[in-house]
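Good morning, and thank you for coming. I would ask you to keep the structure in view while I go through it one part at a time.

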Amino acid sequence: MLQVLVIGAGTMGRAHAAAYASMPGAQLIGIADIRMEQAQQLAEKCGTRAYPSFEDAVSDLGTERINVIDVCLPTPLHKNYVVMAADIGKHVICEKPLARSEEDARFMIDYCQEKGVRLFVGHVLRFFPEYVKAKSILDQGGIGKPAVIRAGRGGGYPIGWNHWYSDFGASGGITLDAMIHDFDYLRWCFGEVERVYAKGLHGRHQAQLDYALVTLRFRSGVIAHVEGTWAHEGFSMNLEMAGTKGIIDYDSAKDSPILFKTRSNAATIPGVAVPESPLARSPYYRELEHFMSCIRDGSEPLVSAEDAYEALRIALAALASMDSGEPVLIDNTTPVITST
Amino acid sequence: MKIGVISFAHMHAFSYTKALLEIEGVELTGIADPVEERGRKYAEHFGTVYYQDYRELLKQGLNGVIVTSENVHHKEHVLAAAKAGVHVLCEKPLSTNIQDAQAMIDACKANGVLLQTAFPVRYNTTVVRAKQMIDEGKLGRILAMKGTNRGRNPGGWFVDPELSGGGAVIDHTVHVADIMRWITGTEVKDVYAEVDHLISENPIDDSGILTMEFDNGVFATLDCSWSRNKEFPTWGDVTLEIIGSEGTLSIDATSQKLHVYTDESGYRHHAWGDGMDASLVRDFVSSISSGAAEASVTGEDGLRALAIALAAYQSSEGHRTVAMAEL
């Protein structure tokens, strides 16, 4: 039985806590959040204990009882908490993006290695069954040689703790926070990226909107267009792979197995449409169960901390391209350490 | 009014000619085509006279001519029409290089004839409605745009650079680039593109993603790839999504369709929206009859859109952003 402490009771903390609560072989032993009320609500729902801080949780539970610390905090807090977890010798699961800078990400990976703890990064898109299926069709040669790829995700502007998403220096906007999912997934499918060109709304428009269009050129020749939006209503994601012999097309907005619509009850209150795509096991469950099994048997994860580091470099290259107005080369000459 | 058609090399000649016949007061004077078999076939189909030599057709006292020859021949045909004092509707891309396009514009101006670039998407009812919504200010300030104009590889002379001047990028950039210019009322400042030959066996560009920055700070991307395969349910698409300060607008110009599944041809889209080619031809004819000083979509519009495609090629070769001023 692996005992897990979740740090952060926000959107990701809730998704992860719910997964652990129903997972055989894992036990959610506590949830810590400086917003004690939020921690309590979530702890109650998941049948575990709430703590007002990481330190309180560790001192109350005792370091021996904790096996894994799952960091579901805003990006700028990742480094400190990963270091704290490693310091007490615990394996760490950290939400994506691993860090806001390449230096921090490298430091965190090296630090965990020195401390002999494992570091997993929540690039959950690799566990979404539609994305897994698309890759499997691709890998079986179902569309021939891949050529032009389009991926996109987004919805409304996210409201986070202390409005940290709107602090570009902290979140990196849509490119670093959300499009990094697609960067990681596309790199998984098509290998290393050679060049990145990007345009984004950051710095052009003051309101709470972000929108970015990124072109990736892979070493294999594949051209990918990635759209990230915090300028739409309602979350959706899409993927299209066009190759020499076929096309795979997916759009969560078009293929929604459940669509619940409330009827408008007055002329002034419009109805609301809520789409759902239910799965017996959520992608978060699949991801965390996989990380648990890697911890148990020491095997390599489907997505390594080095993969997370590479995805971050692509996202940072996109931000650099937005600033310079020129394409940014991904320097692939530095040796990549593959073990975590 | 007497109108002729020069060359059926481009398949749009068929729908343009058909549209001509439906306009009252228009006489289809003749079809010129150096390929005799093709020219005779369509002349017979449309009940008109066949000319092997377009110069003969231009001597028939035409008011206007539609040029639907291969891209590299546009210049020769437009210059001859201008010299003969005949108004011209020229298929896109206007030309294969800026010098030729400019020469065509200058010749038409000098001879006092209209030069219209055939951009049918401007006449698409959906696009026209979207433009109206934008002009009403529903979107607020335009911030960014994302367009696609993808299709199947057309084959034939389109994949012979000696005749087409290029592949997917020159063929499919101009439509949506023109719409972007039209909608924003501004010009493209610079272009970056990744262009390559990745899909078909013909050694010509068939994959392209352009990124454009406009003079007013709007940015946009455009996918102009010939990336639709033969089993795709339709020929391709024309889409444009616009991010405004007050909302978003998604345009899918070919979305008025039926989903048809037959054992014979599998899954196919059947369009039921308004045709755009007829409106385009009608507009050309009405510009002639009203004695308009300029066509609604000018040669200059054609040149601007062409320049964006040429900048994309240049950018992709040099892996750098190309300023339109460099061209």
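Chain A is divided into domain 1, residues 2-123, and domain 2, which is made up of 126-283 + 304-329. In the contact between them, 20 residues come from domain 1 of chain A and 23 residues from domain 2 of chain A. The C-alpha centres of domain 1 of chain A and domain 2 of chain A are 25 Å apart. Please bear in mind throughout that this is a predicted model.

UniProt, in an unreviewed entry, places the annotation "domain: Gfo/Idh/MocA-like oxidoreductase N-terminal" on residues 3-123 of chain A. That span is 44% helix and 22% strand, with its end C-alpha atoms 22 Å apart.

Let me turn to the sheets of chain A. One is an open sheet of six strands with parallel pairing, and its order is E3-E2-E1-E4-E5-E6. Its edges are strand E3 (50-51) and strand E6 (119-122) of chain A, each of which pairs on one side only. Within this sheet, which residue of E6(A) is the bridge partner of A:Val92? The partner is A:Leu119. The two strands concerned, E5 (residues 91-95) of chain A and E6(A), pair in the parallel sense over four bridges.

A further open sheet in chain A has seven strands and mixed pairing, in the order E12-E11-E7-E10-E9-E8-E15. Here the edge strands are E12 (247-251) and E15 (328-329) of chain A, and each of them pairs on one side only. Inside the sheet, strand E8 (residues 193-200) and strand E9 (residues 211-218) of chain A run antiparallel and are joined by seven bridges. A:Lys199 has A:Leu213 in E9(A) as its bridge partner. As a general point for reading such sheets, side chains in a regular strand alternate between the two faces of the sheet.

I now move to chain B. The domain assignment gives domain 1 (2-113) and domain 2 (122-276 + 307-326) for this chain. The C-alpha centres of domain 1 of chain B and domain 2 of chain B lie 26 Å apart. How many residues of each domain of chain B are in contact with the other? In domain 1 of chain B there are 14, and they are in contact with 13 residues of domain 2 of chain B.

Two UniProt annotations from unreviewed entries apply to chain B. The annotation "domain: Gfo/Idh/MocA-like oxidoreductase N-terminal" covers residues 15-118 of chain B. Over those residues the chain is 43% helix and 21% strand, and the end C-alpha atoms are 12 Å apart. The feature "domain: GFO/IDH/MocA-like oxidoreductase" is placed by UniProt at residues 128-249 of chain B. For residues 128-249 of chain B, the figures are 24% helix and 30% strand, with 13 Å between the end C-alpha atoms.

A hairpin of chain B also deserves a look. Three residues connect E13(B) to E14(B) in this hairpin. Strand E13 (residues 257-262) of chain B runs antiparallel to E14(B), and six bridges join them. Across this pair, B:Val260 stands opposite B:Arg268 in E14(B).

Strand E14 (266-271) of chain B brings us to the second largest pocket, since this strand is one of the elements that each supply at least two residues of its lining. The others are helix H1 (12-21), helix H6 (125-135), H8 and helix H9 (277-289) of chain B. The largest share, four residues, comes from H1(B). The pocket holds about 920 Å³ of space. Of its 41 lining residues, B:His12, B:Trp235, B:Thr254, B:Met276 and B:Asp277 lie nearest its centre. The lining consists of 14 nonpolar, 19 polar and eight charged residues. At least three lining residues are drawn from each of domain 1 and domain 2 of chain B.

Finally, the enclosed spaces. The count comes to two cavities of 30 Å³ or more, and the largest has a volume of about 50 Å³. Which residues line the largest cavity? They are B:Val127, B:Val176, B:Ile179, B:Val238, B:Thr239, B:Leu240, B:Ile251 and B:Ala253. By type, seven of the lining residues are nonpolar, one is polar and none is charged. Helix H8 (168-184) and strand E11 (239-244) of chain B each contribute at least two residues to this lining. Helix H8 of chain B thus appears in the lining of the largest cavity and in that of the second largest pocket.

Conventions:
Residues numbered from 1 in each chain as written. Chains lettered and ligands numbered in written order. Predicted model: local features only at pLDDT ≥ 70, side-chain atom pairs only at ≥ 80, totals over all residues. Heavy atoms only, no water. 1 Å grid on protein atoms, 1.4 Å probe; cavity = no way out; pocket = protein on both sides within 12 Å on 5 of 7 lines; lining within 4 Å. Points joined across faces, edges and corners; volume = space filled by probe spheres on them. Nonpolar A, V, L, I, M, F, W, Y, C, P; charged D, E, K, R; others polar. Pairing = 2+ DSSP bridges. UniProt positions renumbered as here; feature names shortened; annotations may be inferred. Domains from an automatic or database assignment. Contact = heavy atoms within 4.5 Å.
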